[in-house]
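Hi,

Here is the model I promised you. Have a look at it first, and my notes on what turned up follow below.

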2 protein chains.
Amino acid sequence: MKFKNFQVVPKMIFGRGSFAQLDEVLAAERKHADDFVVFVVDNVHQGKPLESRLPVKKAQDILLWVDVTDEPTTVQVDGLTEQVQQFSHKLPVSVVGIGGGATMDLAKAVSLMLTNEGGSAKYQGWDLIKNPAVHHIGIPTISGTGAEASRTAVLCGPERKLGLNSDYTVFNQIIMDSELIAGVPTDQWFYTGMDCWIHCVESLEGTFLNEFSRAYAEKSLELCREVFIENDPNKDDKLMMASFMGGMSIAYSQVGACHAVSYGLAYVLGYHHGIGNCIAFNVLDEFYPEYMDEFRGMMKQHNIQLPQNICKDLPDETIAAMVKVTKSMGPLWANVYGDSWQEKVTDEMLTKLFRRI
Amino acid sequence: MKFKNFQVVPKMIFGRGSFAQLDEVLAAERKHADDFVVFVVDNVHQGKPLESRLPVKKAQDILLWVDVTDEPTTVQVDGLTEQVQQFSHKLPVSVVGIGGGATMDLAKAVSLMLTNEGGSAKYQGWDLIKNPAVHHIGIPTISGTGAEASRTAVLCGPERKLGLNSDYTVFNQIIMDSELIAGVPTDQWFYTGMDCWIHCVESLEGTFLNEFSRAYAEKSLELCREVFIENDPNKDDKLMMASFMGGMSIAYSQVGACHAVSYGLAYVLGYHHGIGNCIAFNVLDEFYPEYMDEFRGMMKQHNIQLPQNICKDLPDETIAAMVKVTKSMGPLWANVYGDSWQEKVTDEMLTKLFRRI
């Protein structure tokens, strides 16, 4: 048996108000007068208080507002990379991603594409990246995806939704400031938080589980419960830790059935990752029976109404397209069923599953 | 408020049998024909099965067996460093520490002293190290100290027991193979495990606590209970995770009263860290009242007999020497009492405490 040599984020700052230290962190990277930084920021913060707090040096840095209404795509990444390349013939000294999982994944992907040629679609998969990325920093403003801890940058590409999975994808630095996640709308807060809760369930119920992943997943799940069930007074800090620990857990194990189904929904119907996961989880009673009551209880507690009968009347070809994407997620199904997953993950099984969504 | 930018071990392998991957990990560092590796190994493994599994290239590497009967000293570190320097005019490509906390700390210290001149005593303290260390790898063969995760290498120096605390001290790689910790004698297993349990208590009860440290300490404490109270079938793996997570917790907070007292005991009477901590904790009812029953219960469960009346009849000067060392641990007392610790940590209070030991 070969064990993963797990690359983690080597430097992290945690604390309410710690965003103020970004300028100092970047100062350590700026070594020459013409060194510049790329800021990739979710455009929901445009015109909001966070904008004026961005430590952008106007004379030299480049600020890219990104629209993550739709899931990030390889086309979007390649466009952003080109903008940076047109801005300067030099490489930036850092790429800073500020936002949710989608924005952080865009920042990771841009930092990789600046040093790896040929467009991001070429690198969708596992360990295809050749060269180290530009130094990159992740700063979550919504918590749950674990993108701050993970070795992937998930993108919708020409053929499927799949991440740039590599050790080089991992951030060099993260800043976890729970002040930044205040004010997220309830639905989004819930869906993104459930991404974390689902990571833990998939990790704990998966065949890839070891005591490393188990310890992280168990603690993250406990923190999720403090946030979503017990309404803990420190829930913003706790959710931030839950997200990080959930990310650490799946990074050393793998996600499972819910993510596989959610990827199909996202790719074909455009559902965002958080809500897509919740829609998927809600029909996975056979896979995660012990967790369904808790999941539905949390939805009820927070008055979450999931869209109903989404797939019931869709044309067969649309269902088939989703089944194809979902079925292609080999490592995820291997985590669910072990090596013999291909016998179990049939078109028929998946078609039935999608029809119930 | 300024938050710590926390340096963590960037690469880790976890799993039963993962020690076998050390050779491959080192291969990535060996780039030229004359590149060499320094192995710093606890001499309890000499002549034991682990010796034959060490991936030492006989033609070029250097294997240093170390005796950790006594706590590691600055003199010992400087001697080992000199041995390496006499062995080759080049720097090694990696220093591998294999053993418990003492051995791992020796390896960390040697990797630092190869690139920082003037002897290790000069660097006892916080952030005094100037240059990055040689690449260094930690492999625990006894679990609990958290040395695999920490930014310190604790040494007894000419004036006191104090660590080389710096970001450069942190290992570049750790390998956590629970097979290696099987066969540790019960007393040592218990005392070293309690070091971890005590880290968690000191972290959770300290003024430096944040939700990052809390999450790690709570989970580590839970794992300790599974190991020492519930006798979990996976207790070796769980203890290994507990140690790592306890180390992560204190690295972002601080140890407390028990470590301060234990440092005094170690420096003056030579008590090893694990047993010293247990002896100290046993008189700290005022500091950690909620944890005393659990601590004494675990001692009883494992038939641990602590030495009694150690300090009762010692000369006043000996007690005064221990009080001096213990009192000098400013950051630890600040974690116990906050900024006003100097009002509370008096010679009188500490003298009384030591006399009860």
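How many salt bridges are there between chain A and chain B? The count is eight. Keep in mind that this is a predicted model, so please read everything here as computed from it.

One of these bridges is easy to find: the side chain of A:Glu211 meets that of B:Lys238, with 3.1 Å from N to O. If you wonder what lies behind such pairs, side chains of opposite charge can pair when their charged atoms come close. Beyond the salt bridges, 21 residue pairs are in polar contact between chain A and chain B, counting pairs with both residues at pLDDT 80 or more.

Which parts of chain A do the touching? At least two residues each come from strands E1 (6-7), E2 (11-14) and E10 (173-176), and from helices H1 (22-27), H6 (211-228) and H7 (235-252). H6(A) gives the largest share, nine residues. By type, the side of chain A that touches chain B has 19 nonpolar, 13 charged and nine polar residues.

As for the extent of the interface, 41 residues of chain A are in contact with 41 residues of chain B. About 3300 Å² is buried between the two chains, and carbon and sulfur atoms give 55% of that area. A:Glu211 turns up again here: together with A:Phe3 and A:Asn5 it supplies 20% of the area that chain A buries against chain B, more than any other three residues.

The strands also meet across the chains. E2(A) is joined by two bridges to strand E1 of chain B (residues 6-7), and the two run antiparallel. If you want a spot to zoom in on, A:Met12 stands opposite B:Phe6 in E1(B).

Now for the rest of the structure. Over all chains, there are 42 salt bridges. Among them is a pair inside chain A, where the side chains of A:Lys238 and A:Glu226 meet at 2.8 Å, N to O. That pair links distant parts of the chain, with A:Lys238 in helix H7 and A:Glu226 in helix H6, 12 residues apart.

Chain A itself has 14 helices and 10 strands. Its C-alpha atoms fill a box of roughly 60 × 45 × 45 Å along the principal axes. The radius of gyration of chain A is 20 Å, which agrees with a compact globule, because one with 357 residues would have a value near 21 Å.

Shout if anything is unclear.

Cheers

Terms used: Residues numbered from 1 in each chain as written. Chains lettered and ligands numbered in written order. Predicted model: local features only at pLDDT ≥ 70, side-chain atom pairs only at ≥ 80, totals over all residues. Heavy atoms only, no water. Contact = heavy atoms within 4.5 Å. Buried area = accessible area lost by both parts, 1.4 Å probe. Salt bridge = Lys/Arg side-chain N within 4 Å of Asp/Glu carboxyl O. Polar contact = N/O pair within 3.5 Å; in protein donor to acceptor, adjacent residues only side chain to side chain. Helix = DSSP H or I, 4+ residues; strand = E, 2+ residues; numbered from the N terminus. Nonpolar A, V, L, I, M, F, W, Y, C, P; charged D, E, K, R; others polar. Pairing = 2+ DSSP bridges. Rg over C-alpha atoms; globule rule 2.2 N^0.38 Å.
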